[in-house]
Amino acid sequence: MGNCRNIFKGVSLLLGVAALASCGRTARISVEVADAPESEFVLMQQNVNRFDVLDTVKTDASGKFSYRVKVEKGNPDFFYIYRNGEKISFLLLNAGDKVSVKADTTGNYSVTGSEESEKLRQIDSDYAAFTASMDSLAAAIEAAGDDADAVSASSREMSKAYTDYYRKCVRYVMENSKSLTVVPVFYQTVSDRFYVFSQDTDALHFKSVADSLSTVYPDSKYVRALKQEADTRARQLELRVRVQTAESVGYLDFEMPDTKGKKVSLSSAASDARAVLLCFWSPDDALQKMFNLDVLKKVYADYKDRGLEIFQVAVAMDKPAWARIVDAQNLEWINVCDGLGQNSPAVRLYNVTRLPACFLIVDGALSDKTVTDEASLRRALREVL
């Protein structure tokens, strides 16, 4: 009998530990919605750039319901409550949170038990006020018609409203750089095609905050997405800066080691040739290797004596494998690779987002001619050579 008691005690302890572990991976939401007895609500979870429906729940006769959501420990997540397509509340929950939401059906709500969710509520409120102001000013401009003075006055007000709100957002993300609440702030929009954070220098804000967040939430999918956006914006900023500060040459110069380790600059190739085909490619792609043999070798043979040079940049990590392919294919033109793959400065410099990517430099200036295949390449070369 004593053994049985010990067994029961052991089972009870295990169950208790399991229950605690379960609680450590969940958050509890208690919701009370005024004037919404026995009504259906949809719970949604954000998944970076999409929303996943978790469940549809129904309030009781007093307009209340409670729900437990899964949250990975150390990785807070965003949750939404909707009714009839209208957002009731927006929450950022940590594992173990016990949150109470009191709301009405018009989008007003209060939240207790989660400091981060309270920050989101204030962000939501400020953003709603901003967009309402911008919509009102846009309507005033439309109503002004041909009244230039009225249009000008409303436009100035709109510009000031945006500037004031933008500065407020910058201040918020800098002061809360270790809070995931900055993520939705970074992606707020003024219109369908215009983000609040739309200036070139915003790349610096994205990077600074992404670096700070990664020290707190290194495994967060939201931090990874923010870092990717920061990298993209940094490449765009770098390209614009290089274009604005470029010297008399009409293209962006760089140098890179060839198959023998000797650094070769793009400008050295351009100084010796009338036309340079700058080509970014992947040695790992069979079709791109065939493009070398079927297209580039034939075009090079036809035009090298007329002033054509090819400066081919391998976007690869395995430099020995790349060098073997260049040797096996007997590629006679300039072949370079720094072994950094997509992280190569040259890739960022020319904002290369897909491979292959070709640019034509003619008489020391970047041409606006589009080169995508053999026909377009030969057509461009016929015109310039």
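I'll start with the sheet. In this predicted model, 4 strands make up an open sheet, ordered S3-S2-S5-S6, with antiparallel pairing. The edges are strand S3, residues 50–58, and strand S6, residues 86–93. Each of those has a single partner strand, so one side of each has no neighbour in the sheet. On average, neighbouring strands here are turned by 25° against each other, ignoring direction.

Now the pairing between S2 and S5. Strand S2 covers residues 40–47 and strand S5 covers residues 77–83, and the two are joined in the antiparallel sense over 4 bridges. For one residue you can look up, take Met44: its bridge partner in S5 is Tyr80.

What lies across S5 and S6? That is helix H2, residues 115–144. Helix H2 runs at about 140° to S6.

Next, the nonpolar cores. As background, nonpolar side chains in soluble globular proteins tend to be buried together. The largest nonpolar core in this model has 56 residues. Which of its members touch the most other members? They are Val69, Phe78, Leu93, Val101, Leu180 and Phe197. The element that gives the most to this core is helix H3, residues 148–175, with 8 residues. There is also a second, separate core of 27 residues, and Ile310, Ile325, Val371 and Val384 are among them.

Back to Val69 for a moment. Leaving aside residues up to four places away in sequence, Val69 touches Arg25, Thr26, Ala27, Ile29, Leu43, Leu54, Phe79 and Leu93. Leu93 is also on the list of core residues that touch the most other members.

Another helix to find is H5, residues 202–216. Helix H5 has 15 residues and spans 22 Å from first C-alpha to last, close to the 21 Å expected at 1.5 Å a residue. Which residues of H5 are buried? Asp202, Ala203, His205, Phe206, Val209, Ala210, Ser212 and Leu213 are.

Last, the cysteines. How many disulfides does the model have? The count is 0, where a disulfide needs two cysteine sulfur atoms within 2.5 Å. Why is Cys337 not bonded? The closest cysteine sulfur to the one in Cys337 belongs to Cys279, and because these are 13 Å apart, they are too far for a bond. As for exposure, Cys337 has 0% relative accessibility and so counts as buried. Cys169 has 5% relative accessibility, and therefore also counts as buried.

Technical notes: Residues numbered from 1 in each chain as written. Predicted model: local features only at pLDDT ≥ 70, side-chain atom pairs only at ≥ 80, totals over all residues. Heavy atoms only, no water. Pairing = 2+ DSSP bridges. Axes fitted to C-alpha atoms, helices over the stretch in contact; angles between N-to-C directions. Contact = heavy atoms within 4.5 Å. Buried < 20%, exposed > 50% of the residue type's maximum accessible area, 1.4 Å probe, protein only. Expected span 1.5 Å × (residues − 1). Core = buried A, V, L, I, M, F, W, Y, C linked by side-chain atoms within 4.5 Å.
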